[in-house]
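Reader: I am new to this structure and should like to understand the terms used to describe it. Would you explain what each one rests on?

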Amino acid sequence: MLGERFPSDSFPICRIETDRWHSTFSQSQQAQATGVLEAGGLILLPRLAFQISDYERPCLMPQCVRQGSKHVSFDPRTGAMRGATRQVQRAKSLQPLLQRYAEQAAALVRSLFAYDVRSLEVARTSFRPFETSDRISSWRKDDRRLHVDAFPSSPNQGRRLLRVFSNVNPEGRERVWNVGEPFEAVARRFLPTIARRWPGQARLLYALRITRSLRTEYDQIMLQIHDGMKADDSYQASVASTQLSFPAGSTWVLQTDAVSHAALSGQFMFEQTFLLPVDRMQDPSRSPLRILERLAGRRLA
Ligand SMILES: [Fe+2]
């Protein structure tokens, strides 16, 4: 059984046995799921599959991704798709799938967690048809190494990164991850190595359109933690980790800014990102922003 692969004593997991994206959860279920999420754990929905019809399946090929891209990304707010070949863009075959995934993931997150629906911002959707080991151009982009998520061009300015993932592998292959130590342990280890930014850096990056919004000191620190973790071979080899397997047809949810994770193997996945303000959390003191501010002794965003 799947549950035996998840050693719950080493990593918090809340397992939910629904097969419907539009489910109703009780207040106590919401509080429990939210507590596990904010504690740096993971919500596993082993029977919640993103259904793809036989008619739709031919468009889920690695060949739909444009040369030089890692995946196809989609903005549910505008309908804009990036990273797909011109042929796929023209055929408009992938947009309805990405749109449907975004809507179903939003329905799940809005019903499962104890958050004000208006506080959750729906961000990018992605389709990732490549084997995780393919298309790695540098250690910085190597997601097989443990890391917390931080994005150079998209500062989140302290907001939480809440992400829904679904394994849609057509051959029934699982997706395998490692998860590492809790965020506070990561922060204590890497914060002393962080260089302070220079005055005017954030405005210059924004003016040059390197970032889509101002990169706060929090974003700067998170990027350096992301890079520091991935670049440190001895850390990667020695830090305690737990291996998790996500079967085809399963879905899982976590806050990837706080959970140290590495994607070891797997192919064909959908992912939806949500942004959540720290002050809308059940317990804001568990956010990376508040943990880093406590350790640094100053405001960071
Ligand atoms: Fe990641």
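The exchange below takes up a metal site, a cavity and the nonpolar cores of this predicted model.

Reader: What makes His-147, Asp-149 and His-261 the residues that coordinate the iron ion?

Author: Donors are N, O and S atoms within 2.8 Å of the metal. His-147 (NE2), Asp-149 (OD) and His-261 (NE2) coordinate the iron ion at 2.2 Å, so these atoms meet the cut-off. In sequence, the donor residues follow the spacing H-x1-D-x111-H.

Reader: Why are His-147 and Asp-149 called buried?

Author: Buried means under 20% relative accessible area. His-147 has 2% relative accessibility and therefore counts as buried; Asp-149, at 6%, counts as buried too.

Reader: How many cavities of 30 Å³ or more does the structure hold, and which residues line the largest cavity?

Author: There is 1 such cavity, and about 70 Å³ of space lies in the largest cavity. Its lining includes Asp-149, Phe-151, Tyr-218 and Asp-257. By class, the lining has 6 nonpolar, 2 polar and 3 charged residues.

Reader: What makes a set of residues a nonpolar core?

Author: Its members are buried nonpolar residues joined through side-chain atoms within 4.5 Å. The largest nonpolar core has 69 residues, of which Ile-43, Leu-94, Phe-270 and Leu-292 touch the most other members. Helix H3 (residues 95–112) gives the largest share of this core, 8 residues. Apart from this core lies another, of 13 residues, among them Phe-11 and Trp-252.

How values were computed:
Residues numbered from 1 in each chain as written. Predicted model: local features only at pLDDT ≥ 70, side-chain atom pairs only at ≥ 80, totals over all residues. Heavy atoms only, no water. Donors = N, O, S within 2.8 Å, 3.2 Å for Na, K, Ca; no water. Buried < 20%, exposed > 50% of the residue type's maximum accessible area, 1.4 Å probe, protein only. 1 Å grid on protein atoms, 1.4 Å probe; cavity = no way out; pocket = protein on both sides within 12 Å on 5 of 7 lines; lining within 4 Å. Points joined across faces, edges and corners; volume = space filled by probe spheres on them. Nonpolar A, V, L, I, M, F, W, Y, C, P; charged D, E, K, R; others polar. Helix = DSSP H or I, 4+ residues; strand = E, 2+ residues; numbered from the N terminus.
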